[in-house]
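I open this notebook page to keep track of what I looked up, in the order in which I looked it up.

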Amino acid sequence: MALSADDVANLARLARIELTEAELEVLAPQLDVILESVARVSEVAAQDIPPTSHALPLSNVMRKDENVPCLTPEQALSGAPAAEEQRFRVPRILSEEA
């Protein structure tokens with residue numbers, strides 16, 4: 001079933017997209033090719049193959065959440081040019097008061 005320019009115009013109206021006559025004539029065959037390709041893929045899909053979002057199974061690699069020794073506040077701030085109340089002191093970049 002080939003799409004006509006009228007079919008594409010109806011789809012454009014439903015999508016609230018304004019298309020010129022020239023655009024309709026160009027888009028109709030292009031959309032027809034897309035629909036044929038989707039139909040071909042649908043023919044290949046077998047009932048015994050479950051639908052998937054990825055060709056290969058995905059697994060998230062996570063490390064175990066363990067407490068490990070870390071820097072003390074004094075060690076972390078030892079190289080800072082300025083510190084205040086155990087925090088890095090940086091120049092104010094906004095004119096608003098905090």
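Before reading the fold I note that helices (H or I, at least four residues) and strands (E, at least two) are DSSP runs, numbered from the N terminus. Read along the sequence in this way, the protein follows the pattern α-α-α-β-β, which comes to three helices and two strands. I keep in mind throughout that this is a predicted model.

Entry on overall shape. I looked up the radius of gyration and found 30 Å for the protein, whereas a compact globule of 98 residues would have a value near 13 Å. The C-alpha trace spans about 75 × 50 × 20 Å along its principal axes. I then asked what share of the 98 residues is buried. Buried residues make up 9% of them, where buried means under 20% relative accessible area.

Entry on A12. I wanted to know whether A12 is buried or exposed. This residue lies in helix α1, and A12 counts as buried because its relative accessibility is 8%, against a cut-off of under 20%. I also checked its distance to V44: the two residues are 32 apart along the chain, and their C-alpha atoms are separated by 30 Å.

Entry on surface charge. Which residues form a negative surface patch? I find D6, D7, E21 and E25 there, and the patch draws on two helices, since α1 (5-14) and α2 (21-44) each supply at least two of its residues. I followed D6 further: its place is in helix α1, and D6 counts as exposed because its relative accessible area is 63%, with over 50% as the limit for that class.

Entry on the loop between α1 and α2. R16 is found in this loop, and I stopped at its backbone, where phi is positive at about 60° although the residue is not a glycine. I noted this since most residues other than glycine have a negative phi. R16 also counts as exposed, because its relative accessibility is 79%.

Entry on salt bridges. How many salt bridges does a search of the whole structure find? The search finds two. In one of them the side chains of R89 and E84 meet, with 2.5 Å from N to O; E84 is partly exposed, because its relative accessible area is 40% and that class lies between 20% and 50%. In another, the side chains of E85 and R87 meet at 3.1 Å, again taken from N to O. For this pair I looked up both partners, and R87 is exposed, with a relative accessible area of 52%, while E85 counts as exposed at 61% relative accessibility.

Entry on E85. I returned to this residue for its backbone and its place in the chain. E85 is found in the loop between β1 (83-84) and β2 (87-88), and its phi is near 50°, a positive value in a residue other than glycine. I therefore have, for E85, a loop position, a positive phi, an exposed side with 61% relative accessible area, and a salt bridge to R87.

Closing entry. Two items I would look at again on the displayed model are the radius of gyration of 30 Å, set against a value near 13 Å for a compact globule of 98 residues, and the negative patch of D6, D7, E21 and E25.

How values were computed:
Residues numbered from 1 in each chain as written. Predicted model: local features only at pLDDT ≥ 70, side-chain atom pairs only at ≥ 80, totals over all residues. Heavy atoms only, no water. Patch = residues over 30% accessible without salt bridge, like charges linked within 9 Å, V, L, I, M, F, W, Y side chains within 5 Å. Areas by Shrake-Rupley, 256 points an atom, 1.4 Å probe, with all protein chains shown as cover. Salt bridge = Lys/Arg side-chain N within 4 Å of Asp/Glu carboxyl O. Lys, Arg positive; Asp, Glu negative; His and termini not counted. Charge placed at Lys NZ, Arg CZ, Asp CG, Glu CD. Buried < 20%, exposed > 50% of the residue type's maximum accessible area, 1.4 Å probe, protein only. Rg over C-alpha atoms; globule rule 2.2 N^0.38 Å.
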